Amino acid sequence: MSSNVITAAVGQTEARPWVDELHQWLATVDHKRLGILYIGSALLFLAVGGVEALIIRIQLMHSHNNFVSPQVFNQMFTMHGTTMIFFVAMPILFGFANYLVPLMIGARDMAFPRLNAFSFWLSFLGGLLLYFSFLGGSGLYGAGSAPDVGWWSYAPLGARAFSPGHSSDYWTLALLVSGFGSIGTAINIIATILCLRCPGMKLNRMPLLVWMNLVMAGMVLLAITPLSAAQIMLLIDRYLGGHFFDTQAGGSAVLWMHFFWIFGHPEVYVLIIPCFAFMSEIIPVFSRKPIFGYPVMVAATVCIAFVSMSVWAHHMFTIGMNSYANSFFTLTTMVVGIPTGIKIFNWIGTIWGGKIQFKTPMLFSIGFLFQFLIAGLTGIMMAASPFDWQLSLSYFVVAHFHYVIVGGILFALFAAFYYWYPKMTGRMLSEHLGKWHFWLFLIGFHLTFDVMHVPGILGMPRRIYTYEPGRGWDTLNFIVSIGAFIQALAILVFLANLIISYFTGVRAGNDPWDAWTLEWSTSSPPPAYNFATVPTVASRRPLWDLKHPEDPDSRYE
Amino acid sequence: MAGLIIAESAIFTIFVVAYLFYLGKSITGPTPREVLATPIFYTICLLSSSLTIHFAAKALERDYTRLFLGLWLLTIAMGGLFLFGTAEEWHRLIYEHGLTISTNLFGTTYYSLVGLHAFHVTAGLIMLSLVAIFGFAGEVRASQSGRVAVLSMYWHFVDAVWVVVFTVVYVLGR
């Protein structure tokens with residue numbers, strides 16, 4: 001081991017285990033460690049993005065507030081959006097995919113372990129690059145400046161004339177770099193799933209989580225790359241004097257919107273499909289029933305992926321497209337509701353008649369089902385282009401997509417944390433703190449985002465710095481901000497739970513939930529090689545077969 | 001590699017769309033019709049390099065190492081010739097016609113699309129040359145034919161993209 005040599009040379013014999021450990025984490029190519037690194041770095045950025053959200057909410061608490069300056073406010077919402085999407089949601093989901101996919105298909109690692117490490121460090125350093133803009137955004141003279149042009153960076157705001165200094169460059173480069181990281185991970189996930197399945201693991205026997213991550217990775221290849229291409233064009237505009245998005249030379253600001261949303265909307269599904277995957281694993285286990293409608297779930301996922309590639313311009317109904325385009329994108333957007341509805345019915349079908357155990361993962365899953373449904377319903381409302389003309393760029397939209405991302409994605413992620421934490425650390429998360437976390441977060445969430453719809457309908461635009469009193473927005477905004485603080489409190493409970501349970505949690509054993517997929521057949525945490533002997537499977541629930549040799553699933557498939 | 005090719009195709013698609021979208025939208029000259037000449041010879045070079053690399057990979061599978069090296073070098077030579085053709089064209093455009101990336105929309109889209117492709121050719125040539133160096137060191141044998149096949153897949157992709165770029169820039173674009 002080279003690390004031994006290095007530490008011995010320095011002569012730090014006492015600190016050696018610590019240095020060794022650190023070196024092993026930094027130089028690791030193990031999919032489980034990289035998964036945890038992804039998740040850990042995402043939690044770090046979650047805390048930062050959360051603080052930015054709180055600053056936004058304090059500023060909007062009452063009318064004519066000046067808690068921060070307008071410039072800082074612009075930076076806050078830009079950084080909040082960019083951080084949460086690119087450096088929290090994506091890495092955390094990649095982290096789970098990295099950790100779980102090889103375990104679930106009975107493989108010893110990802111297909112390309114070094115590419116895996118490379119992709120992680122690209123994403124993570126991309127995040128650090130974005131935050132370095134606070135120091136270096138104006139080129140290191142005086143105070144820096146973070147990007148402040150919104151997370152869409154609409155043209156011409158991103159152009160040199162309107163975004164002087166380097167703040168937009170940090171944004172562009174951070175997204176380009178982390179985008180390459182995402183592409184690497186997506187290629188890796190696809191290759192792993194297609195080439196490294198254990199004997200007997202046919203495509204139609206893969207756990208749904210694996211299926212959905214396969215679809216997600218395919219979408220990443222097609223969705224992230226347009227953004228990368230657009231970022232390259234923006235760099236050409238900013239540095240080589242190109243005219244892609246320069247309207248004065250005949251360029252088009254609308255083209256940037258198209259390119260951004262060709263990425264932007266599939267991105268939503270890149271984020272939500274792994275969450276569907278968590279649901280499809282967790283709900284059956286806590287309902288004590290196999291998933292209802294496995295083939296339909298797979299078909300619905302592929303269908304969502306396919307349709308979601310042709311809905312992007314529903315973000316652009318207000319820019320003045322012709323009526324054919326408006327009708328087309330209204331139609332496609334509504335069509336997405338069909339496979340999504342199928343999924344919700346399948347999950348309810350799984351719960352129906354089951355012996356439901358209301359452990360914390362299940363609580364979060366039920367929260368997900370309910371909230372994701374409502375988020376979908378407001379989505380259908382805004383898919384109707386005339387309705388969208390009224391409410392686009394208002395707080396109604398902000399409430400809608402936070403309902404998807406917080407009420408859907410974040411709830412599913414919390415469920416996943418409570419469900420797989422025992423596998424990752426060998427210790428259970430505290431149920432007691434888990435219940436506190438769930439109820440506090442649920443109350444905070446509904447206070448914030450249910451109420452947030454109303455000022456939107458009353459006409460409050462998004463990204464507004466402050467507002468006049470007497471428009472009927474004050475009380476509502478105050479309630480929204482209170483809710484935000486309750487959510488922050490719940491997150492603190494969650495983080496405390498993660499740390500306390502790591503040291504004092506009940507030992508989990510291999511299979512604390514009596515589950516059915518392969519990751520529970522190995523020890524918790526799994527050894528570096530995952531499985532001592534590569535398992536062979538004969539059905540969709542290999543561990544059920546193992547526990548019930550008298551009545552195996554393989555008899556019915 | 002198939003995954004990478006899908007991702008790369010999406011990137012090229014965006015640049016091609018931008019090129020087509022901005023066709024004829026330039027406010028000032030020069031226009032494609034005035035300045036572009038169809039690079040037929042260099043196109044033939046690039047496209048036939050696809051053939052040579054294919055036969056090189058086949059030769060390696062059967063362990064004909066010398067034949068492999070010969071065809072491989074021929075591929076590199078033709079790829080290099082193509083790159084020279086692009087450089088010559090750019091030199092002519094810049095110094096005779098005064099068309100740079102910031103002149104007008106045509107310049108912006110032309111240089112970025114063709115440049116993106118040339119960048120991929122360059123990356124491919126570097127990888128091909130690495131294999132050639134290892135080949136001369138006697139390290140490339142039939143056991144490596146899988147890896148060489150992956151690289152040749154990339155090269156085919158670069159050639160296929162040129163067919164699209166050629167059609168868009170030199171046929172439709174004029």
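How many helices and strands does chain B have? Chain B comes out with six helices and zero strands (DSSP runs, H or I of at least four residues for helices, E of at least two for strands, numbered from the N terminus). This is a predicted model, in which local features need pLDDT of at least 70, side-chain atom pairs count only at pLDDT 80 or more, and totals for chains, interfaces and linings use all residues. Residues are numbered from 1 along each chain as its sequence is written, with chains lettered from A and ligands numbered from 1 in the order in which they are written.

The C-alpha trace of chain B spans about 55 × 30 × 20 Å along its principal axes. Within chain B, helix α1 (residues 2–21) packs against helix α6 (residues 145–172) at an angle of about 10°, the axes being 11 Å apart. Here axes are lines fitted to C-alpha atoms, for helices over the stretch in contact, and angles run from 0 to 180 degrees between N-to-C directions. The pair α1(B) and α6(B) is therefore roughly parallel, a label for angles under 35 degrees. On the α1(B) side, the residues involved include B:Ile5, B:Phe12 and B:Val16, and those they meet in α6(B) include B:Phe157 and B:Val161; contact means C-beta atoms, placed from the backbone, within 7 Å.

As for confidence, chain A has a mean pLDDT of 91, with 96% of its residues at 70 or more; pLDDT is the predictor's confidence in each residue, from 0 to 100. Residues 1–13 of chain A, though, stay under 50. Where pLDDT is low, the predicted coordinates should not be read in detail.

Terms used:
Parallel < 35°, antiparallel > 145°, perpendicular 65-115°, else oblique. Contact = placed C-beta atoms within 7 Å.
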